[in-house]
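This report introduces a protein structure to a reader who has not met it before. It treats selected backbone features first and the nonpolar interior afterwards.

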Amino acid sequence: MQSLRMIENWPVPTAAAAVVRADGSVAGAYGPLEHRFPLASVTKPLAAYAALLAVEEGAVELDEPAGPEGSTVRHLLAHTSGLAFDEPRTMAEPGTRRIYSNAGFEALGDHIAKATDIPFPQYLHEAVLAPLGMTATELPGSPAKDGVSTVADLIRFAAELQAPRLLAPQTLAAATGVVFPGLSGVLPGYGHQKPNDWGLGFEIRDGKSPHWTGASSSPRTFGHFGQSGTFLWVDPDARAACVALADRAFGPWAIEAWPPLTDAVLAELAETA
């Protein structure tokens with residue numbers, strides 16, 4: 001895809017990207033696909049997928065207590081537990097505000113590790129990474145932000161998000177729709193959003209503005225971006241997903257570069273549909 005060549009002009013040392021169709025085929029890829037990048041918060045969808053598998057296998061339940069008092073697994077996945085951004089401090093009653101929380105995902109990882117008696121990085125590997133053949137991906141630390149992966153591996157995950165083999169389709173559908181609708185909150189890097197809609201571990205595009213996806217992205221688009229210069233989105237209306245990884249911290253360059261790439265990808269997909 002010609003649109004992916006836009007990453008050549010990004011002010012970053014290294015970048016790679018790929019577009020994956022809903023049938024799992026690769027529409028295009030560009031850059032060093034086997035280069036291992038820190039994912040930052042693009043770790044969260046992987047961790048969430050492992051959590052959803054733990055729910056399906058009966059190790060945990062979405063509505064069982066987890067995290068601060070009154071919070072559940074569902075609250076932790078949806079950033080509504082009330083925990084602060086980066087410390088285990090409660091800032092609100094569960095279910096009342098959308099407070100984006102690394103601490104919440106760390107509490108989730110701890111909860112699943114206790115329930116399964118398996119360290120969360122190992123659980124993620126056994127439940128998600130190994131079955132999908134994501135051999136270059138690992139989680140050496142926090143389930144909120146410490147994943148490392150390649151575009152080649154995330155192509156496999158992007159295919160799974162569009163045609164799930166590990167999860168029941170209805171489970172994924174529930175996770176990629178709005179959970180606790182109507183809650184306001186801050187989308188990191190993009191300010192206050194009203195509402196700040198989220199699924200279970202996946203951010204939902206809806207009508208947010210400004211946003212890291214494109215002007216032509218459908219409201220049903222879901223995914224995540226990371227502070228290490230990374231993103232993964234799935235647009236069900238376009239029947240495609242896009243992964244882009246870079247090794248420069250998120251900042252004004254990304255705010256300027258990412259939406260035009262997404263819009264160019266979507267336009268090229270529409271032309272070839």
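In which loop does Arg239 lie? In this predicted model, Arg239 is placed in the loop between strand E9 (230–235) and strand E10 (240–246). Its phi is near 55°, a positive value in a residue other than glycine. Because its relative accessibility is 55%, Arg239 counts as exposed.

Asp117, likewise not a glycine, has a positive phi of about 60°. Asp117 occupies the loop between H3 and helix H4 (120–132), and it is exposed, with a relative accessible area of 71%.

Two cis peptide bonds are listed below with the loops that hold their prolines.

| Cis peptide bond | Omega | Loop holding the proline |
|---|---|---|
| Lys194 to Pro195 | near 0° | between strand E6 (191–193) and strand E7 (203–204) |
| Ser209 to Pro210 | about 0° | between E7 and strand E8 (222–226) |

The interior is considered next. The largest nonpolar core has 58 residues, and those with the most contacts inside it are Tyr49, Leu77, Val128, Phe157 and Leu161. Helix H1 (residues 43–56) gives the most to this core, namely nine residues. A second, separate core comprises 29 residues, including Ala27, Tyr100, Trp212 and Cys242. In soluble globular proteins, nonpolar side chains tend to be buried together.

Beyond four places in sequence, the residues that Leu77 touches include Ala48, Leu52, Phe105 and Trp198. His79 is found in the loop between helix H2 (73–77) and helix H3 (102–116). His79 counts as buried because its relative accessibility is 2%, and among the residues it touches beyond four places in sequence are Lys44, Tyr100, Phe105 and Trp198.

Note on methods
Residues are numbered from 1 along each chain as its sequence is written. This is a predicted model: local features need pLDDT of at least 70, side-chain atom pairs count only at pLDDT 80 or more; totals for chains, interfaces and linings use all residues. Side-chain values use heavy atoms; hydrogens and water are left out. A nonpolar core is a set of buried Ala, Val, Leu, Ile, Met, Phe, Trp, Tyr and Cys residues joined through side-chain atoms within 4.5 Å. Buried means under 20% relative accessible area, exposed over 50%, partly exposed in between (1.4 Å probe, protein chains only). Helices (H or I, at least four residues) and strands (E, at least two) are DSSP runs, numbered from the N terminus. Contact means heavy atoms within 4.5 Å.
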